[in-house]
Amino acid sequence: MGWFSKSKKSIDDNDEVLLQRYRDTGDLHVLGALFDAHAEMVYYVCMRYLKDSERSKDAVMQIFEELIHKVNKQKIQKFGSWLYVLSRNHCLMQLRSEKNKQQISIDEFVEFPLSLHPEGEAEEKERQLSDLERCLERLPEKQKRSVDLFYLNEKCYKEITEITGYSMKEVKSYIQNGKRNLKLCMEASDGKR
């Protein structure tokens with residue numbers, strides 16, 4: 001444990017020096033040296049998500065290319081931790097785009113019958129969105145959280161289970177019931193007008 005603590009501190013210190021040097025000079029060799037110290041971790045993160053050696057190697061190269069653009073735009077406290085999150089997000093985005101799953105927008109499950117008068121459409125849509133926000137707030141907490149993560153934050157079931165700690169079965173149930181309750185609430189709001 002003692003070795004790990006010392007080595008971790010020296011890695012963090014070295015990261016800071018290299019990061020600052022890259023920001024000052026824009027020298028890609030410096031960024032390469034900084035990345036190399038963490039390349040193995042990046043590869044294992046990619047393997048964990050992509051489960052394929054060749055795809056993981058490609059992802060490591062893509063992540064390095066992302067660094068060139070992102071390092072100067074973001075405040076980085078600990079480079080290793082920041083790079084871990086960047087790598088994980090890169091893999092999740094890749095998996096999401098591959099699934100090519102159609103995102104279901106809230107518009108699709110809560111019908112927004114727009115008025116026949118084009119000049120009133122924007123006003124009508126605005127009113128319906130306000131109703132939707134109000135109805136979303138009325139959902140039981142677990143349904144609201146699940147619906148929000150699934151539809152508004154575009155998370156998949158697995159990600160929602162990891163974020164919330166709910167089981168897969170619970171997540172599916174909360175989303176299904178939340179969607180039904182939202183629809184009923186929206187219909188009731190519409191009926192009051």
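In this predicted model, Cys-135 and Cys-185 are joined by a disulfide, with their sulfur atoms 2.0 Å apart. The structure holds 1 disulfide, and the link between Cys-135 and Cys-185 is left-handed, with -80 degrees about the S-S bond. Cys-135 belongs to helix α7 (residues 118-138), whereas Cys-185 belongs to helix α10 (residues 168-191), so the pair ties together parts of the chain that are 50 residues apart in sequence. Both Cys-135 and Cys-185 are buried.

Other cysteines can be considered beside this pair. The closest cysteine sulfur to that of Cys-46 is found in Cys-91, at 3.6 Å, which is too far for a bond, because a disulfide requires sulfur atoms within 2.5 Å. Cys-46 nevertheless counts as buried, at 0% relative accessibility, and Cys-156 also counts as buried, at 13% relative accessibility, since the limit for a buried residue is under 20%.

The protein as a whole has 10 helices and 0 strands, and its elements, read along the sequence, follow the pattern α-α-α-α-α-α-α-α-α-α. Of its 193 residues, 36% count as buried. Among the contacts in the protein with a separation of 6 or more, 58% are accounted for by residues 24 or more positions apart.

The largest nonpolar core contains 25 residues, of which Phe-35, Cys-46, Leu-67, Val-71, Phe-79, Trp-82 and Leu-83 touch the most other members. Two or more residues are given to this core by each of the elements α1 (2-25), α2 (28-36), α3 (39-50), α4 (53-70) and α5 (79-99), and the most is given by α3, with 6 residues. A second core, separate from this one, has 16 residues and includes Cys-135, Val-147, Tyr-151 and Leu-182; Cys-135 is thus a member of this second core as well as a partner in the disulfide.

Individual residues show how parts of the chain are brought into contact. When neighbours within four places in sequence are left aside, Val-71 is in contact with Leu-19, Tyr-22, Arg-23, Leu-31, Ile-76, Phe-79 and Trp-82. Asp-15, which lies in helix α1, is buried, with a relative accessible area of 3%. Not counting residues up to four places away in sequence, Asp-15 touches Leu-34, His-38, Phe-79 and Gly-80, so that Phe-79 appears among the contacts of Val-71 and of Asp-15. Ser-87, found in helix α5, likewise counts as buried, at 0% relative accessibility. With residues up to four places away in sequence again not counted, Ser-87 touches Val-42, Val-45 and Ile-63. The C-alpha atom of Ser-87 is separated by 9.9 Å from that of Tyr-49, although these two residues are 38 residues apart along the chain.

Helix α4 was examined in further detail. This helix has 18 residues and reaches 25 Å from its first C-alpha to its last, which is close to the 26 Å expected at 1.5 Å a residue. The buried residues of α4 include Ser-56, Ala-59, Val-60, Ile-63, Phe-64, Glu-66 and Leu-67. They cover an arc of only 160 degrees around the axis, and they are therefore placed on the same side of α4. An α-helix has 3.6 residues a turn, so residues three or four places apart point the same way. The exposed residues Glu-54 and His-69 are carried on the face of α4 that is turned away from its buried side. At the start of α4, a side-chain oxygen of Asp-52 reaches to within 3.2 Å of the backbone nitrogen of Glu-54.

The loop between α3 and α4 contains Lys-51. Most residues other than glycine have a negative phi. Lys-51, however, has a positive phi of about 55 degrees although it is not a glycine, and Lys-51 is exposed, with a relative accessible area of 66%. A positive phi, of about 85 degrees, is also taken by Gly-165, just after α9. Within helix α9 itself (residues 157-164), the buried residues are Glu-159, Ile-160, Thr-161 and Thr-164.

Conventions. Residues numbered from 1 in each chain as written. Predicted model: local features only at pLDDT ≥ 70, side-chain atom pairs only at ≥ 80, totals over all residues. Heavy atoms only, no water. Core = buried A, V, L, I, M, F, W, Y, C linked by side-chain atoms within 4.5 Å. Buried < 20%, exposed > 50% of the residue type's maximum accessible area, 1.4 Å probe, protein only. Helix = DSSP H or I, 4+ residues; strand = E, 2+ residues; numbered from the N terminus. Contact = heavy atoms within 4.5 Å. Expected span 1.5 Å × (residues − 1). Arc of directions from axis to C-beta. Polar contact = N/O pair within 3.5 Å; in protein donor to acceptor, adjacent residues only side chain to side chain.
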